[in-house]
Amino acid sequence: MKKDIKSMYPDELKKEMEALGEKPFRAKQLYEWMHVKLAQSYDEMTNIPNSLKQKLEENFTYVTADTVTVQTSKIDGTKKFLFRLGDGNMVESVFMRYHHGNSVCISSQAGCRMGCRFCASTIDGLARNLLPSEMLEQIYAISRETKERVSNVVVMGTGEPLDNYDNLIRFIKLITDESGLNISKRNITVSTCGIVENMKRLADEKMQITLALSLHGATQEKRRSLMPIADRYPIDEVVDACRYYFEKTGRRVTFEYSLISGVNDTADDARNLCSLVGGLNCHINLIPVNPVAERDFRQSCRRSVMRFKELLEQKNINVTVRREMGRDIDGACGQLRRRFG
Ligand code: SAH
């Protein structure tokens, strides 16, 4: 089987070049073409001799993502990209402009098997894991198309990143590599529904990335009514894993809590949330749930959101209400879906 050249670390590429009887400096040139100049094919690589290009064609696959559509929000300029992968699977990514820099939200799987009740990405189940190169390529394609620098990456698109652990880690190491795009680890956020053993593994990697935990319910019972994965990983174990993450990395954990009218937005829910996370160095992101056609959840009204926020603030919990970006293009959290175009 051909190897995926864009998923290789610099030292691995060097070994491959040696195996092909090439000089080691070719590895450096290739790496730069792929990860700095963001070349779309070997053809663009002007300082690589044709003889080597031919060997590369024979021995490696060169992963690219074809842009199928780009939708731009009229509200805030957020752009949603639909990409077609080599095997025809589709993935979506979102480009957002913030005052602190440009942010890209990437997908980690084609589809998802976690089954969260309010989420569109899981409706058709999981097609497959994405390769490290396919996660990179979402960012590279967006950089090429927008001609803007991407400084923040959130792994919050379709898929459960900790259900694709090894590829995720390799992706993070490549996107933060000094000889590549060199994005700071502090500007990377990985969001999980709470796969406990992999949260701990991630903590043990001791990388300075931010971990976001999708909570959405403050008791085991409420959470499992929204997130079937909670049957496997009870809420206390998940919160303990967050504590462990903070202890190992010193990084404050973010809790995501989507507010659903009448389901998890009452004063009792807020109080339960306070006792659950009390004493933990964390930040809570409240997200008014985004409507998904196949689901009948309603968004909490402005007043309930504000009341919920105040109840948390009274207990000195760091809390913000997330701005909804790109809502008019279905670019907001939980609205990304598989599509066959
Ligand atoms: N699988 C990961 C990352 C993908 S989802 C996770 O579960 O964290 C990114 C975030 O969007 C998660 O917090 C998810 O629970 C939330 N989300 C999903 N559907 C949503 C919706 N309809 N409205 C608001 N947030 C939603």
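Just after helix H9, Gly279 takes a positive phi of about 85°. I begin there, and I should say at once that we are looking at a predicted model. Helix H9 itself spans residues 267-277, and its buried residues are Asp269, Ala270, Leu273, Cys274, Leu276 and Val277. These residues cover an arc of only 165° around the axis, which puts them on the same side of H9. What do the buried residues of H9 pack against? Their partners are helix H7 (220-226), helix H8, strand E12, strand E13 (282-288) and helix H10 (302-314).

Helix H6, residues 196-205, can be described in a similar manner. Here Val196, Asn198, Met199, Leu202 and Ala203 are buried. Seen down the axis of H6, the buried residues fall within an arc of 165°, so they line one face of the helix. The cover over them includes helix H5 (165-175), strand E10 (188-192), strand E11 (210-214) and helix H8 (235-249). H6 is followed by Lys206, whose phi is positive, near 50°.

Lys206 brings us to a residue of helix H8, namely Lys248. Not counting residues up to four places away in sequence, Lys248 touches Ala203, Asp204 and Lys206. Lys248 and Asp204 are 44 residues apart in sequence, yet their C-alpha atoms are 6.7 Å apart in space. Is Lys248 buried, partly exposed or exposed? Its relative accessibility is 31%, and Lys248 therefore counts as partly exposed.

I turn now to the ligand. Of the 18 residues around the ligand, those that come nearest are Phe118, Ser191, Ser214, His216 and Asn290. By character, the residues of this shell divide into seven nonpolar, nine polar and two charged. Strands E10 and E12, the latter comprising residues 253-259, each supply at least two residues of the shell.

Three polar approaches deserve individual mention. A polar side-chain atom of Ser214 lies 2.6 Å from an oxygen atom of the ligand. For Ser258, a polar side-chain atom lies 3.0 Å from a nitrogen atom of the ligand. At Asn290 the protein partner is a polar backbone atom, 2.8 Å from a nitrogen atom of the ligand. The ligand has 530 Å² of accessible area on its own, and the protein covers 96% of that area.

Next, I would draw your attention to Asn89, in the loop between strand E4 (79-84) and strand E5 (90-98). Although this is a loop position, Asn89 counts as buried because its relative accessibility is 14%, and the cut-off for buried is under 20%. The side chain of Asn89 makes a polar contact with the side chain of Asp87, at 3.0 Å. Leaving aside neighbours within four places in sequence, Asn89 is in contact with Phe83, Arg84, Ala110, Ala127 and Arg128.

I close with two further backbone positions. As background, most residues other than glycine have a negative phi. Lys147 is not a glycine, but has a positive phi of about 55°. Lys147 is found in the loop between helix H4 (132-146) and strand E9 (152-155), and at 72% relative accessibility Lys147 counts as exposed. The other position is Asn316, with a positive phi near 60°. Where is Asn316 found? Asn316 is in the loop between H10 and strand E14 (318-321). With a relative accessible area of 71%, Asn316 is exposed.

Key
Residues numbered from 1 in each chain as written. Predicted model: local features only at pLDDT ≥ 70, side-chain atom pairs only at ≥ 80, totals over all residues. Heavy atoms only, no water. Buried < 20%, exposed > 50% of the residue type's maximum accessible area, 1.4 Å probe, protein only. Helix = DSSP H or I, 4+ residues; strand = E, 2+ residues; numbered from the N terminus. Arc of directions from axis to C-beta. Contact = heavy atoms within 4.5 Å. Near = heavy atom within 4 Å. Polar contact = N/O pair within 3.5 Å; in protein donor to acceptor, adjacent residues only side chain to side chain. Areas by Shrake-Rupley, 256 points an atom, 1.4 Å probe, with all protein chains shown as cover. Nonpolar A, V, L, I, M, F, W, Y, C, P; charged D, E, K, R; others polar.
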